[in-house]
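Me: Please take me through the structure below by way of short questions and reasoned answers.

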Amino acid sequence: QVQLVESGGGLVQAGGSLRLSCAASKFIFSRYTMGWFRQAPGKEREFVVCIRWDGGSTYYADSVKGRFTISKDNPKNTVYLQMSSLIPEDTAVYYCAADRRVRGTCSRDYTLSDFGSWGQGTQVTVSS
């Protein structure tokens with residue numbers, strides 16, 4: 001059974017940075033597109049970014065473009081989310097997710113329903 005374990009969340013002041021990690025196991029990580037989502041209190045889970053299975057393409061939500069960077073280390077079975085210039089609106093639980101399909105694309109058409117496996121989430125809190 002797919003396992004995804006996020007880490008790296010915490011409390012940071014506005015303007016600061018954090019790097020989230022998602023360690024994957026029990027599936028062939030190098031064949032799967034990965035994504036990060038977030039869910040703020042009282043809101044629906046929203047797409048943040050995805051990265052194609054081979055790292056060849058990425059797609060970012062407009063709200064994080066230019067501030068967040070996703071990367072995928074296939075030999076280490078880990079996907080990262082480098083977050084910079086954080087703002088209070090970035091406060092949320094961040095989830096990593098694996099595509100339902102082998103070698104799926106990563107594009108603006110990707111939604112929550114394209115991902116079939118999820119981590120438990122890590123809390124990110126940005127203070128003003």
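The questions below concern strands, buried residues, aromatic rings and disulfides in this predicted model.

Me: In which order do the four strands of the open sheet lie?
Reply: The strands of this sheet pair in the antiparallel sense. β1 (3-7) and β7 (68-73) each have a single partner strand and stand at the edges, so one side of each lacks a neighbour in the sheet. Neighbouring strands are turned by 15° against each other on average, direction ignored. The order is β1-β3-β8-β7.

Me: Which residue of β3 stands opposite Ser7?
Reply: β1 pairs with strand β3 (residues 18-25) in the antiparallel sense, over five bridges. Opposite Ser7 in β3 stands Ser21.

Me: Is Arg67 buried or exposed?
Reply: Arg67 belongs to the loop between β6 (58-60) and β7. Beyond its neighbours within four places in sequence, Arg67 is in contact with Gln82, Met83, Ser84, Ser85, Leu86, Ile87 and Asp90. A residue counts as buried under 20% relative accessible area. At 15% relative accessibility, Arg67 is therefore buried.

Me: How many of the six residues of β4 are buried?
Reply: One residue of strand β4 (residues 34-39) is Phe37, which is buried with a relative accessible area of 1%. The strand is largely enclosed by the rest of the structure, because the number of its buried residues is five.

Me: Which residue of β5 is the bridge partner of Arg38?
Reply: β4 and strand β5 (residues 46-51) run antiparallel and are joined by five bridges. Their hairpin has six residues between the strands, and Gly42 takes a positive phi near 75° there. Within β5, the bridge partner of Arg38 is Glu46.

Me: Which residue of β9 is the bridge partner of Met34?
Reply: β4 also pairs with strand β9 (residues 92-99), in the antiparallel sense and over six bridges. In β9, Met34 has as its bridge partner Ala98.

Me: How far apart are the C-alpha atoms of Phe37 and Ser84?
Reply: Leaving out residues up to four places away in sequence, Phe37 touches a set of residues including Val93, Tyr95, Leu112 and Trp118. Phe37 and Ser84 are 47 residues apart along the chain, and their C-alpha atoms are separated by 16 Å.

Me: What kind of ring pair do Phe27 and Phe29 form?
Reply: The count of aromatic pairs comes to eight. The centres of the Phe27 and Phe29 rings are 6.1 Å apart and their planes stand at 70°. Planes over 60 degrees apart count as edge-to-face. The pair of Phe27 and Phe29 is therefore edge-to-face.

Me: How many residues apart in sequence are the parts that Phe37 and Phe115 tie together?
Reply: The rings of Phe37 and Phe115 have centres 5.1 Å apart and planes at 75°, so this pair is edge-to-face. Both residues, Phe37 and Phe115, are buried. Phe37 lies in strand β4 and Phe115 in strand β10 (residues 115-118), so the parts tied together are 78 residues apart in sequence.

Me: Over the face of which residue does Arg45 lie?
Reply: Phe37, Phe47, Tyr59, Tyr110, Phe115 and Trp118 form one aromatic cluster. Arg45 is 4.9 Å from the centre of a ring, and that ring belongs to Trp118.

Me: Over the ring of which residue does the charged end of Arg103 sit?
Reply: The charged end of Arg103 is 5.3 Å from the centre of a ring. The residue carrying this ring is Trp53.

Me: Which cysteine is joined to Cys22 by a disulfide?
Reply: Two disulfides are found in the whole structure. The bond of Cys22 has an S to S distance of 1.9 Å and leads to Cys96. Cys22 lies in strand β3 and Cys96 in strand β9, so the pair ties together parts 74 residues apart in sequence. Cys22 is buried at a relative accessible area of 0%, and 0% is also the value for its buried partner, Cys96.

Me: What is the handedness of the link of Cys50 and Cys106?
Reply: The sulfur atoms of Cys50 and Cys106 are 2.1 Å apart and form a disulfide. Cys50 lies in strand β5 and Cys106 in the loop between β9 and β10, so the pair ties together parts 56 residues apart in sequence. Cys50 and Cys106 are both buried. With 90° about the S-S bond, their link is right-handed.

Me: Which pattern do the disulfides of the protein chain follow?
Reply: The bonds in question are Cys22 to Cys96 and Cys50 to Cys106. With bonded cysteines counted along the chain, the pattern is 1-3, 2-4.

Definitions and conventions. Residues are numbered from 1 along each chain as its sequence is written. This is a predicted model: local features need pLDDT of at least 70, side-chain atom pairs count only at pLDDT 80 or more; totals for chains, interfaces and linings use all residues. Side-chain values use heavy atoms; hydrogens and water are left out. Two strands pair if DSSP finds at least two bridges between them. Helices (H or I, at least four residues) and strands (E, at least two) are DSSP runs, numbered from the N terminus. Axes are lines fitted to C-alpha atoms, for helices over the stretch in contact, and angles run from 0 to 180 degrees between N-to-C directions. Buried means under 20% relative accessible area, exposed over 50%, partly exposed in between (1.4 Å probe, protein chains only). Contact means heavy atoms within 4.5 Å. Rings of Phe, Tyr and Trp (its six-membered ring) pair if their centres lie within 6.5 Å; planes under 30 degrees apart count as stacked, over 60 as edge-to-face and the rest as tilted. A charge sits over a ring if NZ of Lys or CZ of Arg is within 6 Å of the ring centre and within 35 degrees of the ring normal. A disulfide is a pair of cysteine sulfur atoms within 2.5 Å.
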